[in-house]
Amino acid sequence: MRDIKEHLLTPIILFFVLLIDGQISTFLANILPLQWHLVSHFIFIFMLFVSINLSRNYNILLFCCLGLIYDVYYFHTIGIALILFPLLSLLVCQSSSTMLLNKFTRFLSVLILVFLFELTSFAFAVFLNLSSLNLQDFVLSILVPTILLNGLIFLIFQPIFEKMYL
């Protein structure tokens, strides 16, 4: 019964988390100065903890579907998150014994996931002419604030996730 709940409930929760990420990011964009653009990646915190209870193949398939939704909803193009979400999910599955070792490694893992996603998606966006932002502006106005925000989000919600998944 627990297995059925995890396989049915987890995708629904992750879908809503994906939508909430966008709402948090939009809210922060409206209240912060224009030079900062913070992006919530609550989905990567879930990715880290969900990988414990789901098989690797199901996890990759789930995040492939979520990557497609993310691409259509946020990037308005297909390919960037469709590739990155399953790859990051595979990285989490392969390294979960190290990533979930203690609170500090979980914290660093979330920061690394956010960094890899943001930097790689920026590189794809520049390559596909979806962005004209230079690297220095990207790092100062998007990457660093986003990493700090997601680190804070993780610190706030880590006790809840530990009770639910560990």
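A polar contact, as I use the term today, is a pair of N or O atoms within 3.5 Å; within protein, one must be able to donate a hydrogen and the other to accept it. Keep that in mind for Ser25. The backbone nitrogen of Ser40 lies 2.9 Å from a polar atom of the Ser25 side chain. We will come back to that pair.

Before that, one caution. What you see is a predicted model.

Let's start with the whole chain. It has 6 helices and 0 strands. Read from the N terminus, the order is α-α-α-α-α-α. The C-alpha trace spans about 50 × 30 × 25 Å along its principal axes. The radius of gyration is 16 Å, which agrees with the value near 15 Å for a compact globule of 166 residues. Of those 166 residues, 43% count as buried.

Now the surface and the contacts. The accessible surface comes to about 9100 Å², and 72% of that belongs to carbon and sulfur atoms. Next, take contacts between residues at least 6 apart in sequence: 72% of them join residues at least 24 apart.

What does the record add? UniProt, in an unreviewed entry, places "transmembrane region" at residues 12-32, 38-54, 61-87, 107-131 and 138-161. Compare two of those spans in the model. Residues 12-32 are 95% helix and 0% strand, with end C-alpha atoms 30 Å apart. Residues 61-87 are 85% helix and 0% strand, and here the end C-alpha atoms lie 11 Å apart.

Back to Ser25. This residue lies in helix H1, residues 2-31. Is Ser25 buried or exposed? It is buried, because its relative accessible area is 11% and the cut-off for buried is under 20%. Leaving aside neighbours within four places in sequence, Ser25 is in contact with Leu38, Val39 and Ser40. So Ser40 appears twice: in this list of contacts, and with its backbone nitrogen 2.9 Å from a polar atom of the Ser25 side chain.

Next, helix H2. How many of the 9 residues of H2 are buried? The count is 9 of the 9, so H2 is largely enclosed by the rest of the structure. Here are the names: Phe42, Ile43, Phe44, Ile45, Phe46, Met47, Leu48, Phe49 and Val50.

Let me pick one of them, Phe46. It sits in H2, residues 42-50. Its relative accessibility is 8%, so it counts as buried. What does Phe46 touch, leaving aside neighbours within four places in sequence? The contacts are Ile13, Leu14, Val17, Phe161 and Tyr165. Ile69 is 23 residues from Phe46 along the chain, and their C-alpha atoms are separated by 16 Å.

On to helix H5, residues 103-127. H5 has 25 residues and reaches 36 Å from first C-alpha to last, close to the 36 Å expected at 1.5 Å a residue. Look at its start. A side-chain oxygen of Asn102 reaches to within 3.0 Å of the backbone nitrogen of Phe104.

Which residues of H5 are buried? Among them are Thr105, Arg106, Ser109, Val110, Leu113, Phe117, Glu118, Ser121 and Ala125. One general point helps in reading such a list. An α-helix has 3.6 residues a turn, so residues three or four places apart point the same way. And what do the buried residues of H5 pack against? They pack against H2, H3 (56-75), H4 (80-99) and H6 (135-165).

Val126 is also in H5. At 34% relative accessible area, Val126 is partly exposed. It touches Ser131 and Leu133, not counting residues up to four places away in sequence. His37 is 89 residues from Val126 in sequence, and the two are 17 Å apart in space, C-alpha to C-alpha.

Last stop: two loop residues. Where is His76 found? It is in the loop between H3 and H4. Its phi is near 60°, a positive value in a residue other than glycine. His76 is exposed, with a relative accessible area of 67%.

Asn129 is the other one. It follows H5, in the loop between H5 and H6. Here too phi is near 60°, again positive in a residue other than glycine. Asn129 has 69% relative accessibility, so it counts as exposed.

To close, two points to keep. The chain is built from 6 helices. And H2 has 9 of its 9 residues buried.

Conventions. Residues are numbered from 1 along each chain as its sequence is written. This is a predicted model: local features need pLDDT of at least 70, side-chain atom pairs count only at pLDDT 80 or more; totals for chains, interfaces and linings use all residues. Side-chain values use heavy atoms; hydrogens and water are left out. UniProt positions are given in the numbering used here, feature names are shortened, and annotations may be inferred rather than shown by experiment. Helices (H or I, at least four residues) and strands (E, at least two) are DSSP runs, numbered from the N terminus. Buried means under 20% relative accessible area, exposed over 50%, partly exposed in between (1.4 Å probe, protein chains only). Contact means heavy atoms within 4.5 Å. The expected span of a helix is 1.5 Å times one less than its number of residues. The radius of gyration is taken over C-alpha atoms; the globule rule is 2.2 Å times the number of residues to the power 0.38. Accessible areas come from the Shrake-Rupley method with a 1.4 Å probe; for residues, only the protein chains shown count as cover.
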